[in-house]
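Q: Please take a close look at a single part of this model, the open sheet of chain A, and explain how its strands are arranged and what lies across them.

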Amino acid sequence: MCGIVGIYLKSKKFEKSLGGMLSKMLVSMESRGPDSAGFAIYKSDKNKIYKYSICLNDMSFEKFKNEIKKKVKLTNVEKNSDHVILKSIEKPNKILPILEDFSTISLVGYGKSIEIFKQVGSPSNVVKKFNLDNFSGTHAIGHTRMATESAITTDGSHPYSTGEDECLVHNGSLSNHNNLRRKLKKNGSKFSSDNDTEVAAGYISDSLKKRNLKQTLNKGLSDLDGFYTFITGTHSGFAVLRDEIACKPAVIAETKDYVAISSEFQAMAHLPNVNNAKIFEPEPGIVYSWGK
Amino acid sequence: MILDLKKLKLRSVNEKLQNIDHKKNKRDFVISNPEGNHAVCAGLTENIDVTIKGHVGYYCAGMNQNANIIVDGNVGTGVAENMMSGKVHVKGNASQSAGATAHGGTLIIDGDASSRCGISMKGIDIIVKGSVGHMSAFMAQSGNLVVCGDAGEALGDSLYETDIYVKGKVKSLGADCEEKKMSKKHKTKLKELLKKAGSNIKPEQFKRYGSARKLYNFNIDNVSNY
């Protein structure tokens, strides 16, 4: 099953309450996904600092902080439950190999604007754990998971990020992910789980090197076999795509201040002025996108 | 009587509407703050009027008998699924599988319905003032589907005896579905259906689609395909 949610703010009015809006959306999608939850939140990227979202797993924060400080010229390390946001002016090509040397931690995403948090447990516990209500930002994407094809682990939780400021959440299942994973690995993509969605995220990141997001998703219609409603985030906005059979639901509400998407309308019922929003279902096989 | 879903539990609201006290003679109900809840007004059996003020979730008015239900908003998947009788009027858009498997009654959708509208319908009359999505009236057995807008891909696939009327464009017809002649009998029926939905559109502007009846019986020439 799984639940997916997203908000893109068109005006600055709700930037401070973005976390609170997304948090309620995730909690109301608990019935669709009680096993794990996660979210990616984008804040403006005016400075040159990179943010690396890391799940510490069993490593203690102090130990990580001490060890990373020996290796990287840092500006900051912020702890949020069992996750850490490492901020540095150093570029990914330098930092990523260093992080790979830590065998116990997992990098969940990186970029100039994205921050990702995901963990096993019910969505209401996960949003509380990371204090999602206190987050601000320009757009955000979230997921509640009902695990079907791979284990309930942090690695199996969404969103998946396989490129700078990119992320993907997925409701559905892919049937050709093993073949596609092999192909992408040959081209140099790296995967950290057996999950089908991670392959779709890797496919999108790989394709984005040559195409824009809209072209990438349109190509995905023929390359990705299975059922899906995808929300894919980039530094400037997000895009939505449903498979051509439209097996998995999605509903969009658009007002002058925001665009919200979720698996079911009830996730959006609390949003400001939603009863006057333009509410519609994204048509199957058509890419919808907001932001630059 | 106003039933506020912000204050009352969905189950208690549905129970109340399913067990009408005949002595009290209350037959008008308004449900406020539905907030996308599922199964609102499912399983009603009495001739009562219910207006839902706002958007609802899945299976709204499912299995309805006799009740007259108005939704002042959008509905999720499977509105009026398996309806037996009565009337359901959606003032907004409907999600997929609207009126699925319904045996009777009338479903009116003022906006668009999405894919699989009227799937396996068995006697219901569905009037959609907007357009319908792909695979609408799939395996539809009897009743009428009226579409004032356009129809998506594979309309009426594997159709039995439902009459489909479409005013706009049909993206493609499904297996065994074909355009049929619009006789006087059909025009009269269509006029009556449009009138029920408060529409003045002339029946002449519609085309009728029905079953070619080629899938009804096993064809011995196809034996090698099995």
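A: Two strands are taken to pair if DSSP finds at least two bridges between them. On that basis, in this predicted model, 4 strands of chain A form an open sheet, which runs in the order β9-β10-β11-β15 with antiparallel pairing. Because β9 (167-174) and β15 (288-290) of chain A stand at the edges and each has a single partner strand, one side of each is left without a neighbour in the sheet. Averaged over the sheet, and with direction ignored, neighbouring strands are turned by 5° against each other.

At the β15 edge of chain A, the partner strand is β11(A), residues 237-242, and the two pair in the antiparallel sense over 3 bridges; within this pairing, A:Val240 stands opposite A:Tyr288 of β15(A). Helix α7 of chain A, residues 213-223, lies across β10 (226-234), β11 and β15 of that chain, and the helix runs at about 20° to β11(A).

Beyond the sheet itself, chain A also touches chain B, in a contact that takes 10 residues from chain A and 14 residues from chain B. On the chain B side, the residues that touch chain A comprise 13 polar and 1 charged, with no nonpolar residue among them.

Definitions and conventions. Residues are numbered from 1 along each chain as its sequence is written. Chains are lettered from A and ligands numbered from 1 in the order in which they are written. This is a predicted model: local features need pLDDT of at least 70, side-chain atom pairs count only at pLDDT 80 or more; totals for chains, interfaces and linings use all residues. Two residues are in contact if their C-beta atoms, placed from the backbone, lie within 7 Å. Ala, Val, Leu, Ile, Met, Phe, Trp, Tyr, Cys and Pro count as nonpolar, Asp, Glu, Lys and Arg as charged, and the others, Gly among them, as polar. Axes are lines fitted to C-alpha atoms, for helices over the stretch in contact, and angles run from 0 to 180 degrees between N-to-C directions.
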